[in-house]
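Hi,

Here is the structure I said I'd pass along. Have a look first, and my notes follow underneath.

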Amino acid sequence: MNAAPVLVGYTAAVGFVAPHVMLRSSWPHRAPALAAAVWHALAVSFSIGAALAAYNLAMPAEHLHAGLIGLLHSCGLGTGAGHPDPDTADRLALGAPALIEFALLASFSFHVVRARRARERHREAVDLVGRHSARLCATVMPYDVPAVYCLPGRRPRIVISDGAVDHLTPEQLDAVLEHEQAHITGRHHLVLAAVEAFHSVFQWLPLARHAREQTALLLEMVADDRALRSQSGEALATAMYEMAAAARAPRGALAAGGHTVLIRMKRVLGPCKAPHPALRGAVAAVAAAVPLLPLLVACPPALG
């Protein structure tokens, strides 16, 4: 049996239906790291499902009308008078999924390299203009507007403006510095590069659009939670408020402020109950299993 129809239906459900289910759920903001993992699991599952669907559509089956080659042949678009050329079908069957995976890998590499080059150029400028603060473990820039951001990578930097040093209290400074350190240690720039790559290849897909937007927000919440381990919610929220008017962070950098400040402030200051352990475990199991579902559809286990 050709699994193409089931795979096409599955990828359509993951690409169009699953994002709306996630957006309507209330638990992601209470478990941002787990929610980010689910978004990535959906993206991986869609990529695998799309590749396998392309393979099964192009793979000739036992009868003329199965597979994309057979369909073209039945429409009078085949090149031979008999059955489809198996060599052409094999090349198409292997080339279609390979093209999808190559596009994703190339896009990921492009985003990683571009962001790294931008960070290196900005890091050189920061090292020339700024001054290192051993007390803050950060580079202080002569800039009056409160701003804090990090340059992750192999030579990470946390950059803070004079305005932030002057206007923020010690507790607020510690909170935003912990926030930026969480971005660096968590390698969040690679996670963002992955969703950017997925969006670049599948721009028309709701999953790609929402995964990029939600992952960026969820990673900020993950960093907020790291800061809340040692600082109060009031200190972090007021620090975010002070930096809400800061200029946009440079390309490749991750900032404590940004357009998501209002959502994060409400979360930090409001009651935030962690999901029930049973729900957390169930969601984690689903996130681990979702990427495997296309493989089970394409290669179902033999029974009996």
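To start you off: in which sense do strand S2 and strand S4 pair, and over how many bridges? Strand S2 (residues 138-141) and strand S4 (residues 157-161) run parallel, with three bridges between them. Here, two strands count as paired if DSSP finds at least two bridges between them, and the element names follow DSSP runs numbered from the N terminus (helices are H or I with at least four residues, strands are E with at least two).

Before the rest, some housekeeping. This is a predicted model, in which local features need pLDDT of at least 70 and side-chain atom pairs count only at pLDDT 80 or more, while totals for chains, interfaces and linings use all residues. Residues are numbered from 1 along each chain as its sequence is written, and side-chain values use heavy atoms, with hydrogens and water left out.

**The sheet**

Back to S2 and S4: Thr 139 sits opposite Val 159 of S4, and Val 140 has Ile 160 of S4 as its bridge partner. Strand S3 (residues 148-151) is antiparallel to S4, joined to it by four bridges. Val 159 of S4 turns up here too, as the bridge partner of Tyr 149. Five residues lie between the strands in the S3 and S4 hairpin, where Gly 153 has a positive phi near 125°.

Overall, the sheet is open, has five strands in the order S1-S2-S4-S3-S5, and its pairing is mixed. S1 (131-133) and S5 (254-255) are at the edges with a single partner strand each, so one side of each has no neighbour in the sheet. S4 is largely enclosed by the rest of the structure, because four of its five residues are buried (under 20% relative accessible area, with a 1.4 Å probe and protein chains only).

**The core and a helix**

The largest nonpolar core has 31 residues, and those with the most contacts inside it include Trp 27, Leu 42 and Phe 198. A core here is a set of buried Ala, Val, Leu, Ile, Met, Phe, Trp, Tyr and Cys residues joined through side-chain atoms within 4.5 Å. Helix H2 (32-58) is among the elements giving two or more residues to this core, and the largest share, 11 residues, comes from H2.

Phe 198 is also one of the buried residues in H7, as are His 188 and Leu 192. Helix H7 covers residues 188-201.

Shout if anything is unclear!

Technical notes. The expected span of a helix is 1.5 Å times one less than its number of residues. Buried means under 20% relative accessible area, exposed over 50%, partly exposed in between (1.4 Å probe, protein chains only).
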